[in-house]
Amino acid sequence: MSQIREITWNGVWKQNTGLIQLLGLCPLLAMSNSVVNGIGLGLATVLVMALSNLFVSALRSLIPYEVRIPIFILIIASLVTIVDLAMNAWLHSLYVVLGIFIPLIVTNCIVLARVEAFAAKNPVMASTVDGTAMALGLTWVLGLLGAIRELIGTGSLFAGIEMVIPSAQAIVILPEDYPGFLIAILPPGAFFVLGLLIAARNWFDARANQRARSQRIHVAQSAQQSAAT
Amino acid sequence: MTEIDPAPESTIPEIPALPERSILGVSVRTAMVLLVFVVAFTTVMALTYQSTIGPIEASTQKEKLALIGEVLPAGSYDNTLLDDWVELPPTAALGLTDVRRIYRARQGGAPVALVLEAAATDGYSGRIGLLLAVRVSGELAAVRVTEHRETPGLGDYIDLKKDKQKTRPWITQFSGLNLDAVTPAKWRVKKDGGRFEQRAGATISARAVTNASGRALAWAKLNRDRVFAAASGTRLN
């Protein structure tokens, strides 16, 4: 159980794909111009990564080590095709938006990276959790990135939500006459905001470390003091 | 004892000499393994394809009808629009470089309108695809931009969905006009001496759409009878 928790924590925070490993930045940068797009692509990636880790892990004893890469790619490409078809059939309006990016999941190196580094060596349960957690880590970064860019760029949030939930509508956050800040939505904005997010996370980590260290010093000092008295 | 005893002969199990693995042998064996995986996963894909083809077809049709519904109200004709079409060879006047379909709307058998595609090749960044419905009277029922790569937030107001002006979107100013009311010389953006508005900073996008829709309207007026007369499912020449 604790192992599962650790894998999840690793994927969602400690080894976060978008902020730490910096793998799979292609969709991260291209599709994070709104919350809906970001989370939509993120969830499609969750599906692909959970399934590819599951399949590879289940079949790992059958896959000859020397040709594992072609087989991994075959499995990933097949699963992406299946997700692509399924989304086209049953989530058509979202597919219209994400359509051209779903095949790109095949080339997202994070998928192959987790298959190779984790699923090929670990049991099915742990592998599936790993794939899901890694992709969820990517999803929340995509969502956050999309939210910041969309808010700065257009002044509203959740544009296009009606494609997923027909009754929902975009929320206008900033006043109606907000002129919009175009660069946030264009590709450079993705780099700027991602840079800021990475910096924020590093700062967060550094502060946590420092606090832990000062606590240790504090404990050591009080131990010394008590030894002296 | 300085010399190390060689291991007694008897403890080494007799291994039958493996046949020397030839490159061919290894390749065939590995290829078989790969083949098994390929067959298995192709089967899974084929099954998915089989079960999704219906819904995909249906949603493509629905999407098409919804798009056509934007330029021509669904209640204004009574034929099965998507089945009543003629193929149009590449037509320079419409900016088309490949074969497209023209749909013919009829009410009780009488011609109502043509639904056709056109394109502007002089947009700010590449091709701008248009969908127009032209009534038999020569009136443009409506035009919509179906695909474009104009700058987001700047030139993309030509796309109804991206237009921030929701009460009177830019693209709707063409609806209900014909070339008698607005002569071809006036069917231009204001900056070019015409009557249609353009928005500051992105005239090129507006000009491209305006001119292309004017050209398409003129083409439809000229070819209307010929298009309606052709048998359904045939190629116009």
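Which helices of chain A each supply at least two residues of the lining of the second largest pocket? Select α4 (35–59) and α5 (68–90) of chain A: these two do so. The model on screen is a predicted one.

**Stop 1: the pocket in chain A**

Keep α4(A) selected, since that helix gives the most to the lining, with 7 residues. The volume of this second largest pocket is about 240 Å³. To find its centre, pick Ile39(A), Gly40(A), Leu43(A), Leu91(A) and Leu94(A), the closest to that point of the 15 lining residues. Colour the lining by residue class next: 14 residues are nonpolar, 1 is polar and none is charged.

**Stop 2: the sheet in chain B**

Move to chain B and show its strands. An open sheet of 6 strands runs in the order β1-β2-β3-β4-β5-β6, with antiparallel pairing. Select β1 (85–88) and β6 (177–178) of chain B to see the edges; each has a single partner strand, so one side of each is left without a neighbour in the sheet.

Zoom in on β1(B) and on β2 (residues 100–107) of chain B, which are antiparallel and joined by 4 bridges. Within this pair, look for Leu88(B), whose bridge partner in β2(B) is Arg100(B).

**Stop 3: the helices on the sheet**

Now add helix α1 (residues 23–71) of chain B. Helix α1(B) packs on the sheet and touches β2, β3 (110–123), β4 (126–135) and β5 (139–147) of chain B. The directions of α1(B) and β5(B) make an angle of about 135°.

Finish with helix α2 (residues 203–229) of chain B, which lies across β1, β2, β3, β4, β5 and β6 of that chain. Against β3(B), helix α2(B) runs at about 145°.

Methods
Residues are numbered from 1 along each chain as its sequence is written. Chains are lettered from A and ligands numbered from 1 in the order in which they are written. This is a predicted model: local features need pLDDT of at least 70, side-chain atom pairs count only at pLDDT 80 or more; totals for chains, interfaces and linings use all residues. Side-chain values use heavy atoms; hydrogens and water are left out. On a 1 Å grid over the protein atoms alone, a cavity is a set of points where a 1.4 Å probe fits but cannot get out, and a pocket is an open set with protein on both sides within 12 Å along at least five of seven lines; lining residues have an atom within 4 Å of a point. Grid points are joined across faces, edges and corners, and a volume is the space filled by probe spheres set on the points. Ala, Val, Leu, Ile, Met, Phe, Trp, Tyr, Cys and Pro count as nonpolar, Asp, Glu, Lys and Arg as charged, and the others, Gly among them, as polar. Two strands pair if DSSP finds at least two bridges between them. Contact means heavy atoms within 4.5 Å. Axes are lines fitted to C-alpha atoms, for helices over the stretch in contact, and angles run from 0 to 180 degrees between N-to-C directions.
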